[in-house]
Amino acid sequence: MKKKTLSIMLSIALGVSALMTGCGGSGTQTAERDGGDKASEGKAEGAKDAAASGKEVVRVVVPGISEETTVDPISGIKKKGLGEFEAFLEAQIPDYDIDLVSIPWDGWIQKMETLVTSGEVDVGFYTNQEAVPGWYIDLTDYLKKDTEVNFDNLNHLFIEPAVFYTKYNSFNYPENTGQVFGLPMTMASNIIVYDKQLFEDWGVEAPTESTTFTELVDMAEKMTGKNPATGSTNYGGYLFSTWMEWYAISYDAVKTYKSDTMMLSDMDTDEYVEYVKNSPEVLNYFSDMIRLVNCCPEGVATGNGSEKFFTDENDIAINFDTNNVGTNYMKYVYAGDSAICDRYIPLLIPTGKNGMEGFPEFFRFSITKSAKNPDAAWEVIKKLTTTPEIVDFYLTNYAQDKVTALADTSKVTMMDYEINKKRHDYQINAMFKTDDYWFWRTPLQAVNNQILSKQLTAEAAREEFYKGVSDWVNNTKAQLGQ
């Protein structure tokens with residue numbers, strides 16, 4: 001018996017309009033792909049037939065995919081199950097028997113480490129700089145020798161920031177500087193969303209692409225209180241801690257860092273640590289975050305208060321919780337919900353004076369140190385990251401908020417949407433590029449949690465941030481013997 005391959009076809013075409021006026025695009029979206037109802041059965045049969053087929057088994061882990069097909073409650077779009085993705089991959093990569101494993105996003109780092117160290121997977125993944133040198137092998141030799149994917153053509157295959165972030169640079173692992181542990185498949189491209197109806201009720205002029213972050217906070221303050229048209233209580237903004245630290249880039253409160261050695265002992269601490277103490281940019285960032293928190297519902301510190309967003313009863317003018325609001329907004333876009341998209345409008349994250357904004361996060365596939373056949377794993381990784389149809393299937397069914405890291409998007413159907421073209425181009429031109437950011441990111445996360453709980457003034461927050469960065473640098477130096 002041969003392993004079953006599900007028939008895959010594109011089945012939904014959605015018309016869309018411009019980015020700033022609603023759910024925008026110029027082509028089709030593969031929001032659903034037909035697959036058999038017996039995906040799990042096909043997966044089980046495939047495992048039995050692997051030996052008979054004579055194909056090399058490559059075990060691949062991908063997070064956040066259910067065993068069964070599910071229907072998204074927001075958009076009504078079907079999310080394919082694990083078996084359907086596995087069957088699709090095997091149709092696209094016919095030389096190998098793909099054994100697909102999924103783990104929840106919640107606590108994924110610990111779960112990924114368990115799979116890798118126990119030898120259960122050949123191909124793993126990572127996003128930002130975690131402890132990947134202990135998990136994955138350096139791909140440098142493959143990239144020097146391979147004729148299809150190599151150092152000479154990476155810039156043709158992927159956008160420039162994606163290529164930049166293939167090189168591993170971490171203060172915690174200076175000995176691994178410049179190594180390559182994974183190839184990128186997708187990237188974060190986050191948005192802020194505002195309610196056009198509330199702006200009209202309050203008589204506040206809507207933001208534009210040139211609106212600064214401070215100006216957005218000014219707008220939020222103007223729309224906090226009793227709505228003059230309805231009499232209902234409105235909140236000018238909503239904010240949450242997840243990824244909030246990246247907004248500091250819009251204020252030029254943190255700096256890019258470049259190093260050939262990634263030795264903290266080589267860091268100019270006056271430039272990257274001591275500046276914090278008297279930085280007007282840092283103070284401005286914290287001042288605006290405090291102003292913004294004062295425009296939010298009371299439950300903002302615990303992630304509550306935005307439940308009415310995307311409903312007729314919404315009471316929040318600007319939703320800055322980009323981790324959640326962007327994901328849900330894009331589901332409405334792909335579902336073609338014009339009522340929602342005509343009222344709720346996306347904004348790209350404002351840049352600072354240096355032209356950069358945050359969220360330099362890429363989803364990369366890697367060869368585990370426990371891989372049974374690293375060469376086979378390499379061949380699968382090449383296909384996963386450079387085949388437009390695979391990237392499109394993954395983005396469409398499992399990661400609607402993200403966009404492709406490929407340079408050529410002509411065969412990625414979700415890029416037919418104007419909003420995705422806009423996000424993709426913006427990431428190319430505005431992404432924050434630095435060799436390491438954990439020395440300020442971790443301390444800033446801690447201070448932001450106190451800001452959300454209204455525990456600090458702006459001056460006190462700056463002091464806490466300085467102390468956190470200084471402690472991080474000094475403690476890491478001591479741990480590494482520098």
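The buried residues of helix 11 pack against strand 11 (191–195), strand 14 (316–319), helix 12 (338–343), strand 15 (344–348) and helix 15 (418–430). Contact means heavy atoms within 4.5 Å. This is a predicted model: local features need pLDDT of at least 70, side-chain atom pairs count only at pLDDT 80 or more, and totals for chains, interfaces and linings use all residues. Residues are numbered from 1 along each chain as its sequence is written, and side-chain values use heavy atoms, with hydrogens and water left out.

**Helix 11**
- Helix 11 covers residues 322–335, 14 in number. Helices are DSSP runs of H or I with at least four residues, strands are E runs of at least two, and both are numbered from the N terminus.
- From first C-alpha to last, helix 11 reaches 20 Å, close to the 20 Å expected at 1.5 Å a residue. The expected span is 1.5 Å times one less than the number of residues.
- Gly 336 follows helix 11, with a positive phi near 70°.

**Burial**
- In helix 11, 10 of 14 residues are buried (under 20% relative accessible area, 1.4 Å probe, protein chains only).
- Among them are Thr 322, Val 325, Tyr 329 and Val 333.

**The sheet**
- Five strands form an open sheet in the order 12-13-14-11-15, with mixed pairing. Its edge strands, strand 12 (225–226) and strand 15, each pair on one side only.
- Strands 11 and 14 pair antiparallel over two bridges; pairing requires at least two DSSP bridges.
- Val 193 has Asn 319 of strand 14 as its bridge partner.

**Helix on sheet**
- Helix 11 lies across strands 11, 14 and 15.
- Helix 11 runs at about 75° to strand 11. Axes are lines fitted to C-alpha atoms, for helices over the stretch in contact, and angles run from 0 to 180 degrees between N-to-C directions.

Notes. Buried < 20%, exposed > 50% of the residue type's maximum accessible area, 1.4 Å probe, protein only.
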